[in-house]
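The exercises below ask you to work through a protein model by inspection and then to check each step against a worked solution. Keep the sequence and the coordinates open while you read.

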Amino acid sequence: MTASDRPDRPERPSNSRELVLGRIRAALGDAAGVAEQPPPRDYLTAHVPTDDPAAVLDLLHRNLADYRALVHRCHEDELPRRIAGLLVERGSRTVVVPTGLPADWLTAAEAEGVELLPDDGTLTATRLDAVDSVVTGCALAVAETGTIVLDAGPGQGRRLLSLVPDHHVCVVRAPEQVVASVPLALPRLDPVRPQTWISGPSATSDIELDRVEGVHGPRTLEVLLVTAAPEPDDARHGIRGGTGGGTVTPA
């Protein structure tokens, strides 16, 4: 009589996986059916009021700054001048222009003598390493994590463009490109597109926690949070959604 013919000795599982699963089933006993029920998925999708765009934008601002990004706010009609100011202040002589970037964003910079380098697919990593800055848009920004997402869409360009130049200026339109949380961001992103998630400038630390920036990405990230220009009545009463100069830290 073989071992498998003995009624008091169950047949040994053919592999380790079946052995482990068999032990789990035996331990669960009558609870096995309950364990197979899907767990509840009723957790919060955001931890801030999503119906308050101003609060969400302020949270994004704080978390971007916490990651050592340089954050600026302006209105749509101020954007070309603000971009030019950032590039001139840094001393940038050349700037990469991704395909699809709105033409008027860099008109003021070009007037200041900054050379525009449109990306036609031939800019190599070596050439990009010699470029001073890159200006891009974004797919969206996540307030709770201070994260900007690029997906190679219009105005964002190839992943190489935002990783090699040492200075990245990124424009985020509010409120349409700002979401409160990652669970709210994922449904708005195309999973087949090449995504780059950016939380502050590139940084790493060694075993002694010495922080080094610019190792595998730009050393400096500047973010422009852009809102619509105020209505004439609002402007007359001094009501503004942002500021025209300097880095702003919300109260």
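**Exercise 1. A loop residue and its distant partner**

In the loop between which two helices is H47 found? Establish also whether H47 is buried or exposed, and how far apart H47 and S181 are in space.

Solution. The model is a predicted one, and the values used here are computed from it. Step one is to place the residue: H47 is found in the loop between α2 (32–35) and α3. Step two is to classify its surroundings, where a relative accessible area of 64% makes H47 exposed, because the cut-off for that class is over 50%. Step three is to compare sequence with space: H47 and S181 are 134 residues apart in sequence, yet their C-alpha atoms are 7.8 Å apart.

**Exercise 2. The protein as a whole**

State how many helices and strands there are in the protein, and what share of its residues is buried.

Solution. Begin with the secondary structure, which consists of nine helices and twelve strands. Next take the burial, where 37% of the 251 residues are buried. Turn then to the contacts with a separation of 6 or more, of which 72% are accounted for by residues 24 or more positions apart. Finally, the accessible surface of the protein comes to about 14600 Å², and 54% of this belongs to carbon and sulfur atoms.

**Exercise 3. Helix α4 and its cover**

Determine the reach of helix α4 from its first C-alpha to its last, list its buried residues, and say what covers them.

Solution. First, α4 spans residues 79–90, has twelve residues and reaches 17 Å, which is close to the 16 Å expected at 1.5 Å a residue. Second, the buried residues in α4 are L79, P80, R82, I83, A84, L86 and L87. In reading such a list, recall that an α-helix has 3.6 residues a turn, so residues three or four places apart point the same way. Third, the cover of these buried residues includes the strands β1 (70–75), β2 (94–97), β4 (133–136), β7 (167–173) and β12 (220–227), together with the helix α5 (107–111). Last, just after α4, G91 takes a positive phi of about 85°.

**Exercise 4. Strand β6 and its two partners**

Identify the strands that pair with β6, with the sense of each pairing, and decide whether the faces of β6 are covered.

Solution. Start with β5 (residues 140–142), which pairs with β6 in the antiparallel sense over three bridges, with A141 standing opposite I148. β5 and β6 form a hairpin with four residues between them, and in the turn G146 has a positive phi of about 60°. Continue with β9 (residues 196–198), which pairs with β6 in the antiparallel sense, again over three bridges, and here I148 stands opposite I198. As for the faces, T147 and V149 on one side and I148 and L150 on the other are all buried, and both faces of β6 are therefore covered.

**Exercise 5. The nonpolar cores**

Find which residues of the largest nonpolar core touch the most other members, and then trace the contacts of L64.

Solution. The largest nonpolar core has 22 residues, and those that touch the most other members are L60, L64, I148, V172, V178, V223 and L225. At least two residues of this core come from each of α3, β6, β7 and β12, and α3 gives the most, with five. Leaving aside residues up to four places away in sequence, L64 touches A69, V71, G146, I148, V223 and L225. A second, separate core has 18 residues, among them C74, A84, W105 and V169.

**Exercise 6. Backbone details in the loops**

Locate the cis peptide bond between A174 and P175, and place the residues R68 and A152 with their phi values.

Solution. The peptide bond from A174 to P175 is cis, with omega near 5°, and P175 is found in the loop between β7 and β8 (178–179). R68, a residue other than glycine, has a positive phi near 75° and is found in the loop between α3 (53–66) and β1. A152, likewise a residue other than glycine, has a positive phi near 65°, and its place is in the loop between β6 (147–150) and α7 (159–163). With a relative accessible area of 30%, A152 is partly exposed.

Notes: Residues numbered from 1 in each chain as written. Predicted model: local features only at pLDDT ≥ 70, side-chain atom pairs only at ≥ 80, totals over all residues. Heavy atoms only, no water. Expected span 1.5 Å × (residues − 1). Buried < 20%, exposed > 50% of the residue type's maximum accessible area, 1.4 Å probe, protein only. Contact = heavy atoms within 4.5 Å. Areas by Shrake-Rupley, 256 points an atom, 1.4 Å probe, with all protein chains shown as cover. Pairing = 2+ DSSP bridges. Core = buried A, V, L, I, M, F, W, Y, C linked by side-chain atoms within 4.5 Å.
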